[in-house]
Amino acid sequence: MAPQPHGPTGLPFDDIRSLLTSMPGPDEAALAAVRMREADLTKPAGSLGRLEQIVEWVAAWSANAKPRVDRPLVAIFATSHGVTRNQVSAFPDSVNRQMLENFAAGGAAINQICVANDIGLKVFDLAIDVPTPDIATDDAFDEAGCAATIAFGMEAIVGADLLCLGEMGIGNTTVASAVLNGLYGGSAEDWVGPGTGVDKAGLARKTETVRQAVARHEGHLGDPLEVLRRLGGREIAALAGAIMAARLQRIPVLLDGFVVSAAAAVLHRLDPTSLDHCLAAHVSAEPAHAEVLRRIGKAPLLDLGMRLGEASGAALACGIVKNALAIHQGMATFEQAGVSGKVAGPH
Ligand SMILES: O=C(O)c1ccc[n+]([C@@H]2O[C@H](COP(=O)([O-])O)[C@@H](O)[C@H]2O)c1
Ligand SMILES: Cc1cc2nc[nH]c2cc1C
């Protein structure tokens, strides 16, 4: 039989759907081992709060009873959006390439967060000089193009033991709002916010653009991959691929802000368990982000009023993950330290 490029039906999205059905679950043995050790460490049970659950999360999803993060990686997917012709951003498209150069030169916020926390940084240029079509009037991709971009995101992820996902793309909060409106319904107002800082008139243009884009596809938004194809952008597609690839490679993921959460929401709509290896690093100042996190069932680790993108919140949260693991690995047990354990019963 001749080789078939895209599985039995020949449709690229079917490959993605079938991959989602074969994702590994948590490693129960690693989880049990860290819970056992946790109980023996010189502190009252539960006193490290969510830090304890972070250790369990890394153990379960990296399948390591002695969880470590030695090679954390920030991956930034950068691209351009035709939707910016509707004047939906406070900044011009030219910032995309300029920021790529700034990342390369070490001058962006994310460079400094990576230096401070000893994190590797990779920036992926997704045809930054060729914007995807304006989603208010055209589909963002055809199916093959969308699937190929998801596949690019999958292939980008190698050799890390914790992945911090971020993006860069002027206009992409409009695109993310359209994707979320397409996935979850409601009105455009529910999902739109200031992004890089548009004024009142800009916000009205954004809202109208999202309303127009979503209305164009009415009746075709029942399939989350169709929502992505019609209303998304390259960084959102690649981020969805990266989240899937990390799961297959047993790499825990820290999700950054509003735009990354739109990619995560596509997967969550396809399969609610597909984000179990992900934590929400922070809740962004973009007003609808908190609602997305509620919908995907993630309580953010940080709430710092940030709205930068470029994985800045995820990279900061990586520092917390590294601290949680250092505490767990390095602490003495009650027996080792000669510290008395909790007394049984009331006293
Ligand atoms: O991550 C967020 O929550 C976030 C919120 C607002 C803006 N951004 C960043 O700002 C850019 C998109 O904003 P805008 O106004 O051009 O749509 C893009 O480069 C994002 O990384 C990111
Ligand atoms: C300057 C600038 C830096 C960014 N980093 C991520 N998104 C951004 C948007 C702008 C405008």
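Two residues are in contact if their C-beta atoms, placed from the backbone, lie within 7 Å. The legends below concern a predicted model.

**Figure 1. Overall fold of the protein chain, with 15 helices and five strands.** The radius of gyration is 21 Å, close to the 20 Å that the globule rule gives for 347 residues, so the chain is as compact as a globular protein of that length. Along the principal axes, the C-alpha atoms fill a box of roughly 70 × 55 × 40 Å. Of the 347 residues, 48% count as buried. Among contacts with a separation of 6 or more, 78% join residues 24 or more positions apart.

**Figure 2. The residues around ligand 2.** The shell consists of F91, V95, M99, M168, T196, L308, G309 and E310. By class, five of these residues are nonpolar, two are polar and one is charged.

**Figure 3. Surroundings of E310, a residue of the shell around ligand 2.** An unreviewed UniProt entry places the feature "active site" at E310. The residue sits in the loop between α13 (289–296) and α14 (312–330). With 25 other C-beta atoms within 10 Å, E310 is buried, because the cut-off for a buried residue is 20 or more. Leaving aside residues up to four places away in sequence, E310 touches I76, A108, A109, I110, G166 and M168. Of these partners, M168 also belongs to the residues around ligand 2.

**Figure 4. The loop residue I135 and its contacts.** I135 lies between β2 (120–125) and α6 (143–156), in the connecting loop. This residue has 29 other C-beta atoms within 10 Å and is therefore buried. Residues up to four places away in sequence being excluded, the contacts of I135 are V83, A140, V175, A178, A213 and L231. The C-alpha atom of I135 is separated by 60 Å from that of F334, and the two residues are 199 residues apart along the chain.

**Figure 5. The largest nonpolar core, a set of 103 residues.** V74 and V179 have the most contacts inside this core. Helix α11 (residues 234–248) gives the most to the core, with ten residues. In soluble globular proteins, nonpolar side chains tend to be buried together.

**Figure 6. Contacts of V74, one of the residues with the most contacts inside the largest nonpolar core.** Not counting residues up to four places away in sequence, V74 touches I110, C114, I119, G120, L121, C164, G166, A311, A314 and A315. Two of these partners, I110 and G166, are also touched by E310.

Conventions: Residues are numbered from 1 along each chain as its sequence is written. Chains are lettered from A and ligands numbered from 1 in the order in which they are written. This is a predicted model: local features need pLDDT of at least 70, side-chain atom pairs count only at pLDDT 80 or more; totals for chains, interfaces and linings use all residues. Helices (H or I, at least four residues) and strands (E, at least two) are DSSP runs, numbered from the N terminus. The radius of gyration is taken over C-alpha atoms; the globule rule is 2.2 Å times the number of residues to the power 0.38. A residue is buried if 20 or more other C-beta atoms lie within 10 Å of its own, exposed if 12 or fewer, and partly exposed in between; C-beta atoms are placed from the backbone. A residue is near a molecule or strand if its C-beta atom, placed from the backbone, lies within 6 Å of it. Ala, Val, Leu, Ile, Met, Phe, Trp, Tyr, Cys and Pro count as nonpolar, Asp, Glu, Lys and Arg as charged, and the others, Gly among them, as polar. UniProt positions are given in the numbering used here, feature names are shortened, and annotations may be inferred rather than shown by experiment. A nonpolar core is a set of buried Ala, Val, Leu, Ile, Met, Phe, Trp, Tyr and Cys residues joined through C-beta atoms within 7 Å.
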